[in-house]
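Consider the model below with attention to how individual helices are placed and covered. The discussion moves from record-based spans to single helices.

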Amino acid sequence: MKRNRVIFTIVSIALGFLVGGLILAAVGFNLFDVYSTMFKGVFSRPKYIAWTIIRSVPIILTGLSVAFAFRTGLFNIGAEGQFIIGALVAALLGYFLELPLVIHAIVVLIGAGIAAGLWGSIAGYLRAKFGVHEVISTIMLNWIALYLNNYVVSWEKFRRPQSEASYKILDSASIGILQQWKRTDAGREFLSNSKFLREILSAPVNWGIIIAILCAIMVWYILQKTTLGYELRAVGLNQDASEYGGINVRRSILTSMFISGILAGLAGAIHVLGVTKEVAILSFMEGSGFDGIAVALLGNNTPLGSVLSGLLFGALKYSGPKIQSTMGAPSEVINIMIGSIVFFTSMPSFIKIIASKFKRRRGEVKVD
């Protein structure tokens, strides 16, 4: 079964690239040049690889968030709103709170994660107590989070003058790697003799990927090795049978949405502490939470799958604009590819039919 899932995933990715390639070919672009540009745009320079990983981290975490909810029978569309809440709380704690280096960043991450977890718990509570479907409640919570973010950022003590953004977080809250050192005279002198390290540190390299991998390991451990994980998975498979077996279904739903919210909130917090250092007034949803749905689907709702598919999506999103800047090709084709990949991933039966037809042609399957 696992082998089949891997094959379907690989075939889905290949079909997604094929569809995107056919569209580009239809408008007159050379496929080899396009994919070569995308490949070089990710791997040709150390700073490109660094940027790809940086772009992947929020998507990996929101993918883990959605996958965790999926495994427990819930559809968390609210990862986008939880991402916004995590980012907002991280910016608030990062700016107003004064704590020593390292401790400050840890406190901010914990605070942002708990805040986003509680935000997700609202949908869990409504589902457990009143039967309100989490799809509806999380969609509404996404919009509430967006406007709450805009309201708080507009606060006079938090908003930077003549700007649509907040004050930047204190340096003590940053999770950047060697961010201060590279600006010192000693750092500049050292980097002038090391092209590789200079390229890597030209991007806002941070501890986000380490945190994301640790989160993936924790999600796997909770789901596979703990009593809590067993109960959550049982509720996801059959709520009635779980309740008959003595599992508190309502508590499981609440716990699942809380943990799912923490993961999405950490994505927002890492984005602020490691990259932007601020939050801004939003005119639309930025999409990190929604990308998490596609990442979770492509990764078969597994922690390892979410990490790998998050890296793939990060690479596609980082390299996509480069085919526009270097070749004039529309970067929207990347979104078409991602949409195609998710589309084919959601149709395992269709892929099975295609595989079966190939086998029949080769005489490996008997035709009735």
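Over residues 103–126, what percentage of the chain is helix and what percentage is strand, and how far apart are the end C-alpha atoms? In this predicted model, the span is 100% helix and 0% strand, with its end C-alpha atoms 35 Å apart. The choice of residues comes from UniProt, where an unreviewed entry lists 103–126 under "transmembrane region", together with 7–28, 48–70, 77–97, 205–223, 253–273 and 333–355. Another of these listed spans, residues 205–223, is 84% helix and 0% strand, and 30 Å separate its end C-alpha atoms.

Helix 2 can be followed residue by residue. Helix 2 comprises the 13 residues 31–43, and the distance from its first C-alpha to its last is 18 Å, close to the 18 Å expected at 1.5 Å a residue. Its buried residues include V34, T37, M38, G41 and V42. Because these residues cover an arc of only 125° around the axis, they lie on the same side of helix 2. The face turned away from that buried side carries F32 and F39, which are exposed.

Helix 13 offers a further case of burial. This helix, residues 288–298, is mostly covered, with 9 of its 11 residues buried. The buried positions in helix 13 are S288, G289, D291, G292, I293, A294, V295, A296 and L298. After helix 13 comes N300, which has a positive phi near 55°.

Methods
Residues are numbered from 1 along each chain as its sequence is written. This is a predicted model: local features need pLDDT of at least 70, side-chain atom pairs count only at pLDDT 80 or more; totals for chains, interfaces and linings use all residues. Side-chain values use heavy atoms; hydrogens and water are left out. Buried means under 20% relative accessible area, exposed over 50%, partly exposed in between (1.4 Å probe, protein chains only). Helices (H or I, at least four residues) and strands (E, at least two) are DSSP runs, numbered from the N terminus. UniProt positions are given in the numbering used here, feature names are shortened, and annotations may be inferred rather than shown by experiment. The expected span of a helix is 1.5 Å times one less than its number of residues. The arc is that of the directions from the helix axis to the C-beta atoms.
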